[in-house]
Amino acid sequence: MLPPLTHEEILRYSRHLLIPEIGLKGQQKLKASSVLVIGTGGLGSPVALYLAAAGVGRIGIVDYDVVDASNLQRQIIHGTSTLGQRKVESARRRMLDLNPDIEVIAYDEPFTSENAMRIAADYDVIVDGTDNFPTRYLSNDVAVFLGKPNVYASIFRFDGQVSVFYAREGPCYRCLFPAPPPPGLVPSCAEGGVLGVLPGVIGSLQATEALKLLLGIGEPLIGRLLLYNALDMSFEFVELKKNPNCRVCGPNADIKTLIDYEEFCGVPGHDREEGSAGSGWDITPAELAERLQTNGILLLDVREPHELEISRLPGALNIPLGQLAARLSELDSAREMVVFCKAGTRSARALELLVSAGFRKVKNLKGGINAWAREVDPSLPIY
Amino acid sequence: MPRIKIPTPLRYYTDQQAEVTVQAGTVAEAMQALVAQYPALKPHLYNGDGQLRPFVNLFLNRKNIRDLQGLETPLAEEDELMLIPSIAGGC
């Protein structure tokens with residue numbers, strides 16, 4: 001039995017009720033349905049807003065972060081008035097403002113192997129709007145084990161990918177990507193940046209797919225991967241098939257329960273700003289400031305040249321991380337060196353590369369030039 | 001000659017070229033020609049044993065080469081090989 005709509009709801013959803021593919025029955029289906037949105041960031045913002053507006057009866061949102069000023073260039077569910085607040089609370093408030101007739105359940109916690117099955121079990125559809133490889137593999141495996149569709153999308157700079165992974169009817173994420181890329185090859189949004197409107201486009205496509213699945217209409221993106229590029233304004237599709245060797249959904253699957261995804265991917269399950277090279281290899285901004293007073297430390301800036309226009313440390317040598325391996329001969333391994341980038345992630349990778357090339361007197365500026373701006377030189381902007 | 005479409009995250013290693021034309025009769029030859037032309041790409045696409053890394057997905061005319069003849073899939077003059085990267089961003 002589908003739940004009836006009140007007169008207020010009929011008026012609110014009038015533009016849906018006019019479409020024969022939805023109609024009263026479809027709108028009642030949406031009211032009876034539920035979606036779990038993992039992440040309330042760039043992708044999660046339009047997904048959660050549009051699903052709320054569309055009248056999906058119960059929407060779960062998972063995030064453990066707080067709203068930061070650097071989010072607002074794209075995370076339109078949050079606002080200047082909610083800076084510093086828990087993201088799930090900020091999102092929940094905005095969703096209920098848009099549509100008070102729905103239920104929003106906020107999970108103010110990271111999505112992990114410990115809680116994922118319990119959280120996701122209650123929902124019809126999962127929408128993957130996470131920002132890192134471990135959580136993507138986790139979302140996929142949870143969806144496979146629970147037999148639910150996983151509306152997938154990911155973004156980078158001007159590029160987006162969208163698909164619906166539903167192992168009962170087609171391939172899963174692991175059929176396409178059996179293993180993650182080596183750590184550091186693919187920059188995250190926090191490192192590489194993202195066009196603000198890109199998650200708006202891609203997240204709206206995810207919301208579309210979620211609604212189609214709930215309504216049972218149209219051709220879902222099962223078995224197809226959409227590749228979008230904003231600069232070319234191109235939408236290309238490739239065919240995806242089930243991988244007979246898939247370790248979670250293939251006939252000989254050997255992964256039957258959730259695993260340690262951080263270990264599997266070799267990276268942490270978040271796209272946090274601050275990078276560290278590990279104890280013993282890091283130097284804090286305060287320590288560096290002190291050391292710079294006395295001796296001739298070489299400062300090596302591994303950011304891209306266009307970032308130098310935002311902030312720079314005087315006297316630093318700039319070799320972008322991608323060129324470092326080919327330009328080691330420009331560096332003197334006998335000299336003490338401190339490597340830095342924006343927030344410490346790329347420089348930690350540069351340090352690994354330097355150490356493996358035989359450099360020993362090298363340290364990583366913990367938190368990067370942003371931490372330096374925060375703790376030592378407030379005249380520099382933080383970006 | 002067959003063309004290889006390079007995804008944005010890897011263009012850093014192809015002098016920002018979005019498309020690279022190669023002389024090749026098979027997918028394997030095309031990939032070898034690609035990394036010969038842009039050696040900086042090699043460590044990202046191949047592992048230490050000279051095998052293509054498992055996260056590297058190649059699509060020939062929209063079909064995964066895994067569902068064709070894998071690296072031995074023959075290439076015709078007009079073929080377009082697409083390299084599809086794994087990206088994780090959602091923020």
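This passage describes how the strands and helices of chain A are arranged in two sheets. The model is predicted, so local features need pLDDT of at least 70 and side-chain atom pairs count only at pLDDT 80 or more, while totals for chains, interfaces and linings use all residues. Residues are numbered from 1 along each chain as its sequence is written, chains are lettered from A and ligands numbered from 1 in the order in which they are written, and side-chain values use heavy atoms, with hydrogens and water left out.

Helices (H or I, at least four residues) and strands (E, at least two) are DSSP runs, numbered from the N terminus, and two strands pair if DSSP finds at least two bridges between them. One open sheet of chain A has eight strands in the order β3-β2-β1-β4-β5-β6-β7-β8, with mixed pairing. Its edges are β3 (103–107) and β8 (234–239) of chain A; each has a single partner strand, so one side of each is left without a neighbour in the sheet. From one strand to the next, the twist averages 15°; axes are lines fitted to C-alpha atoms, for helices over the stretch in contact, and angles run from 0 to 180 degrees between N-to-C directions.

Strand β2 (residues 58–62) of chain A runs parallel to β3(A), with five bridges joining them, and here A:V62 stands opposite A:Y107. Helix α5 (residues 87–98) of chain A lies across β2 and β3 of chain A, at about 175° to β3(A); contact means heavy atoms within 4.5 Å.

Further along the sheet comes strand β4 (residues 125–128) of chain A. In a regular strand the side chains alternate between the two faces of the sheet. Both faces of β4(A) are covered: A:V125 and A:V127 on one side, and A:I126 and A:D128 on the other, are all buried (under 20% relative accessible area with a 1.4 Å probe, protein chains only). Four bridges link β4(A) in parallel to strand β1 (residues 34–38) of chain A, where A:V37 faces A:V127. Three bridges pair β4(A), also in the parallel sense, with strand β5 (residues 150–156) of chain A, and A:D128 has A:Y152 as its bridge partner. Between β4(A) and β5(A) the chain passes through helix α7 (residues 133–146) of chain A in a right-handed β-α-β crossover, meaning that, with the strands pointing away from the viewer, the path from the first strand over the helix to the second runs clockwise.

The other open sheet has five strands, paired in parallel in the order β9-β13-β12-β10-β11 (chain A).

Methods. Buried means under 20% relative accessible area, exposed over 50%, partly exposed in between (1.4 Å probe, protein chains only).
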